[in-house]
Amino acid sequence: MNDQAKTLRELRKTMPLQQVLSGQTRVMSITSGKGGVGKTHTVINLAIALSDLGRRVLVLDGDMSLANADVLLGINTPYTLRHVLEGEKSLSEIIVDTPFGVSLIPGASGVESLLDLTAQELEVLKNEIEEVAADYDYLIIDTPAGIGQEVMYFNAASGEVICIINNEPTSLTDAYALLKLLSKRHGEKEVSVLVNNTSSDKEAQHAFQRLSAVASQYLHIHLKFLGSIPADSSVLAAIQDRRPVISEFPTSKASRALSQVAVNIDEDFYKYRVKGGMQFFFQQLITEGAYGG
Ligand SMILES: Nc1ncnc2c1ncn2[C@@H]1O[C@H](COP(=O)(O)OP(=O)(O)O)[C@@H](O)[C@H]1O
Ligand SMILES: [Mg+2]
């Protein structure tokens with residue numbers, strides 16, 4: 001074991017893990033309220049774009065109802081979080097190195113909720129996530145749709161939340177409901193917004209402004225415009241091929257926009273390295289026992 005790893009291990013024994021993780025891994029969750037707005041596609045492609053910038057990136061497929069990050073990456077995963085939750089495998093044993101430079105913790109569709117685990121089981125999972133995430137610069141979490149408690153906890157877990165919207169009224173109302181909970185229940189002060197599937201920059205700005213206006217009027221939350229991804233038939237073609245668009249069609253409009261968003265995110269890399277956050281989430285679950293309604 002090298003000196004650094006040893007020191008980290010020693011530190012873990014004595015320090016709250018949030019402090020150990022902070023400075024190591026930037027934890028981001030990608031969320032939306034409404035389903036089908038492009039979360040999974042964005043998670044995968046942003047992860048690859050960040051990896052292309054030289055970062056070590058781990059994706060956690062946290063969608064326990066419809067885990068499909070593996071499908072978009074075109075890989076078969078023999079083991080998933082289900083095996084971890086059932087005690088058959090450790091987390092490090094299920095991580096898959098994809099051909100695209102990013103690693104994946106495959107999600108488990110249709111398993112019992114993380115929140116149904118006992119405090120002891122959560123403690124084990126928490127330790128394992130922290131252990132594996134410490135080897136990466138970014139941990140990007142794909143969350144399920146909706147505003148259920150699991151989504152909220154993944155969001156609360158993350159140092160940063162990126163909310164994906166499109167210009168449809170239902171996307172905006174669902175995003176608002178999510179922001180409201182994040183702000184009121186979790187005290188979230190800032191959320192980044194990415195507008196997907198847009199026909200023009202103007203449309204993206206319009207969607208962002210509509211959400212931002214109500215958020216600043218009724219919630220104490222600041223929305224930051226992270227960028228927009230155009231509607232692009234290359235996205236559909238890539239998904240059909242089970243390949244990430246950024247690898248399959250790197251010069252397409254959507255890929256160029258995704259690469260730019262990754263650059264925007266990475267500009268803040270050092271600022272956010274001190275935030276950590278995964279620990280906070282799991283510790284809350286453990287100390288509160290059940291989650292508070
Ligand atoms: N920028 C885009 N251009 C064209 N189609 C898109 C774009 N983003 C998403 N889509 C379409 O939306 C579908 C849902 O995307 P997905 O990432 O699975 O959403 P979510 O994870 O939010 O449910 C994709 O299968 C694709 O058909
Ligand atoms: Mg999805």
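Modeller: Two strands pair if DSSP finds at least two bridges between them. Keep that in mind as we look at this predicted model.

Biologist: Okay, so what makes β6 and β7 a pair?

Modeller: Four bridges join strand β6, residues 160–165, to β7. The rule asks for at least two, so four bridges make β6 and β7 a pair. The two strands run parallel, and Ile165 has Val195 in β7 as its bridge partner.

Biologist: Which strands make up the sheet, and in what order?

Modeller: Eight strands form an open sheet, in the order β3-β4-β2-β5-β1-β6-β7-β8, with mixed pairing.

Biologist: Why are β3 and β8 called edge strands?

Modeller: Each has a single partner strand, so one side of β3 (96–97) and one side of β8 have no neighbour in the sheet.

Biologist: On to the ligand. How do you know that Gly36 makes a polar contact with ligand 1?

Modeller: A backbone N or O atom of Gly36 sits 2.9 Å from an oxygen atom of ligand 1. The cut-off for a pair of N or O atoms is 3.5 Å, so the Gly36 pair passes. Polar backbone atoms of two other residues pass too: Gly38 at 3.0 Å from a ligand oxygen, and Lys39 at 2.8 Å.

Biologist: How much of ligand 1 does the protein bury?

Modeller: Ligand 1 exposes 570 Å² when taken alone, and the protein buries 78% of that. Elements giving two or more residues to the shell are α3 (39–52), β7 (190–198), β8 (222–230) and α11 (233–240).

Biologist: How many residues surround ligand 1, and which are the closest?

Modeller: There are 15, and the closest are Gly36, Lys39, Thr40, His41 and Asn196. By class, the shell has seven nonpolar, six polar and two charged residues.

Biologist: What makes a space in here a cavity rather than a pocket?

Modeller: In a cavity, a 1.4 Å probe fits but cannot get out, whereas a pocket is open. This structure holds two cavities of 30 Å³ or more, and the largest has a volume of about 50 Å³. Its lining residues include His41, Ile44, Val235 and Arg243. The elements giving two or more residues to that lining are α3 and α11.

Key: Residues are numbered from 1 along each chain as its sequence is written. Chains are lettered from A and ligands numbered from 1 in the order in which they are written. This is a predicted model: local features need pLDDT of at least 70, side-chain atom pairs count only at pLDDT 80 or more; totals for chains, interfaces and linings use all residues. Side-chain values use heavy atoms; hydrogens and water are left out. A residue is near a molecule or strand if one of its heavy atoms lies within 4 Å of it. A polar contact is a pair of N or O atoms within 3.5 Å; within protein, one must be able to donate a hydrogen and the other to accept it, and residues adjacent in sequence count only if both atoms are side-chain atoms. Accessible areas come from the Shrake-Rupley method with a 1.4 Å probe; for residues, only the protein chains shown count as cover. Ala, Val, Leu, Ile, Met, Phe, Trp, Tyr, Cys and Pro count as nonpolar, Asp, Glu, Lys and Arg as charged, and the others, Gly among them, as polar. On a 1 Å grid over the protein atoms alone, a cavity is a set of points where a 1.4 Å probe fits but cannot get out, and a pocket is an open set with protein on both sides within 12 Å along at least five of seven lines; lining residues have an atom within 4 Å of a point. Grid points are joined across faces, edges and corners, and a volume is the space filled by probe spheres set on the points.
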